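Hi,

Here is the structure I promised to pass on to you. My notes on what turned up in it follow below, so have a look at the model and then read on.

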Amino acid sequence: MANVVDRYFNKKKKDIFEYSKMINTLLEYENNQIWNTDSEFNEYIKKVINKYVEMYYFKSIEDFTEYEEYLGALVKCDDRFKTVLVCAVDSIPEEDKKDNYRVSAYIASLIVYTAIALNRFTYPYHNYKINITNVFSIIDAMFKNIDFVVYKDNSKLRKEMVSLIKKNGSCEDKFFEYLDSINTDASKNVYELVDNDNKYYKVKYKYQIPEFKNYRQRDVNKFFKRIEDDLNVLSYELTTISVLKSKLLNKDITFLFPAKLEFYKKESEINKLVKVISNEEIKKKIKLLIDYDDYNKNKEMVRILINAGFDLALIFDNPEDVPYRTFNEIKLAIIPREFINVNKGNMDSWKENEVNFVIKSEVIKEFSELEILGLEEK
């Protein structure tokens, strides 16, 4: 099951690339400065798509200022188009940039932007009707009124495009049916709400193996001690899947994955988690949750985990007075309300340093994945 979310994004890259190639066959344009052959087009467009999917699939670029000159007065556009344009510009090797390459980057952006829009037809949680009218209402609107592009009609390609989108939609449905089947009573994550705004959930892994009732508890404990690391990785993998689903549903949820620092003194255990997923947008929504007492005993592990690319969060059971430097690198804390008064001398400075303090809910509630995502049991 490892890297299942990365496999999803690799499939998205492939789908968007295929749509882009098909769209390009409908176009004629001049003054192209980036590619001259189909092979060069494919190589360049792949770079644009890879950058977009890896960095911006679930978000738009925040600051477009330094790229305004590339947009010019060509069209008013949304933030997603601007984000694609940034990916297109950044994918051009500096030595290949020429006076007219702005128009070429703009054409490439139009193609990829449209392909991304088509990609949304296959989202598993949206009931988009895939037919020629709906698909080409997007493509026609994008290219029919661009004066530096000749848009050609092609009835055969229209059918091929719709057929491909339907095929990809079917594949995506099966993929998510598989993901849904992974969570069973025998092995699943449940999620404990820790705040009052439904934004932070603590991960809890649960399993049921009735057959173990026939064995002595001591032997069962020894067995689970041997596979503790495997269960930890499995729970982390399940968490990445929940994050992917929450992002597709536009839900702003952060998952807090409990981590005992002593456990990660073995480099091999850190590497197992690192290998689960590489997509940064998904990883940002998972914080390794560390008990403050554990943090005090194993501070050297904090630096190792941060260097390995993990975001950390501290959880405080008691409203204790903590040193100012506690939040030099850790920017999320789950705290009891009294913590604020105990540390009131530092709170303003910590908040100015972008530390996020989340007040723990006094009522502990557990939810299934379906419940926190607002999905119904099939």
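**What I found**

I will start with a single residue: Asn341 is found in helix α14, which covers residues 338–342. Is Asn341 buried or exposed? Its relative accessibility is 57%, so Asn341 counts as exposed. Glu320 is 21 residues away from Asn341 along the chain, and the C-alpha atoms of the two are separated by 9.7 Å. Please keep in mind that this is a predicted model.

**The chain as a whole**

The chain has 378 residues, and buried ones make up 47% of them. There are 16 helices and 10 strands. Taking the contacts in the chain with a separation of 6 or more, 71% are between residues 24 or more positions apart.

**A run of parallel strands**

You may like to follow the strands from β4 to β8 one pairing at a time. Strand β4 (residues 200–207) and β5 run parallel and are joined by 3 bridges. Across this pairing, Tyr201 stands opposite Phe255 in β5. On to the next pairing: 4 bridges connect β5 with strand β6 (residues 286–291), and these two run parallel. Here Phe257 has Leu288 in β6 as its bridge partner.

From β6, 5 bridges lead to β7, again with the two strands running parallel. Ile290 is partnered by Leu314 in β7. The pairing of β7 with strand β8 (residues 332–335) is parallel and has 2 bridges, and Ile315 finds its bridge partner in Ile334 of β8.

How well covered are these strands? In β5 (residues 254–258), 4 of the 5 residues are buried, so this strand is largely enclosed by the rest of the structure. For β7 (residues 311–315) the count is also 4 buried residues of 5, so β7 is largely enclosed by the rest of the structure.

**Two helices to look at**

Helix α5 spans residues 101–119, which makes 19 residues. From its first C-alpha to its last it reaches 27 Å, close to the 27 Å expected at 1.5 Å a residue. Of its 19 residues, 16 are buried, so α5 is largely enclosed by the rest of the structure.

Helix α4 (residues 79–90) has 12 residues and reaches 16 Å between its first and last C-alpha, close to the 16 Å expected at 1.5 Å a residue. This helix is mostly covered, with 9 of the 12 residues buried. Those buried residues are Phe81, Lys82, Thr83, Val84, Leu85, Val86, Cys87, Ala88 and Val89, so do note that a lysine, Lys82, is listed among them.

**Nonpolar cores**

Which residues have the most contacts inside the largest nonpolar core? They are Val135, Phe143, Met161 and Phe327, in a core of 115 residues. Helix α5 supplies the largest share of this core, 12 residues.

Phe327 is a good place to zoom in. Setting aside neighbours within four places in sequence, Phe327 is in contact with Leu314, Phe316, Val322, Ala333, Phe339, Trp350, Asn353, Val355 and Phe357. Leu314 will be familiar as the bridge partner of Ile290.

Apart from the largest core lies another one, of 9 residues, including Tyr200, Leu256, Leu289 and Ile334. Ile334 is the β8 residue that partners Ile315.

**Aromatic residues**

The structure holds 30 aromatic pairs. In one of them, the ring centres of Trp35 and Phe41 are 5.3 Å apart and the planes are at 70°, so this pair is edge-to-face. Both Trp35 and Phe41 are buried.

Tyr191 and Phe255 form another edge-to-face pair, at 5.2 Å centre to centre and with 70° between the planes. This pair links distant parts of the chain: Tyr191 belongs to strand β3 (residues 187–193) and Phe255 to strand β5, 64 residues apart. Tyr191 is buried, as is Phe255. You have met Phe255 already, opposite Tyr201.

There is also an aromatic cluster, formed by Tyr8, Phe9, Tyr52, Tyr57, Phe58, Tyr125, Phe175 and Phe176. One last ring to look up is Phe17: Lys46 lies over its face, at 4.9 Å from the ring centre.

Enjoy exploring the model!

Best wishes

Methods
Residues numbered from 1 in each chain as written. Predicted model: local features only at pLDDT ≥ 70, side-chain atom pairs only at ≥ 80, totals over all residues. Heavy atoms only, no water. Expected span 1.5 Å × (residues − 1). Buried < 20%, exposed > 50% of the residue type's maximum accessible area, 1.4 Å probe, protein only. Pairing = 2+ DSSP bridges. Phe/Tyr/Trp six-rings, centres within 6.5 Å; stacked < 30°, edge-to-face > 60°. Lys NZ or Arg CZ within 6 Å of the ring centre and 35° of its normal. Core = buried A, V, L, I, M, F, W, Y, C linked by side-chain atoms within 4.5 Å. Contact = heavy atoms within 4.5 Å.
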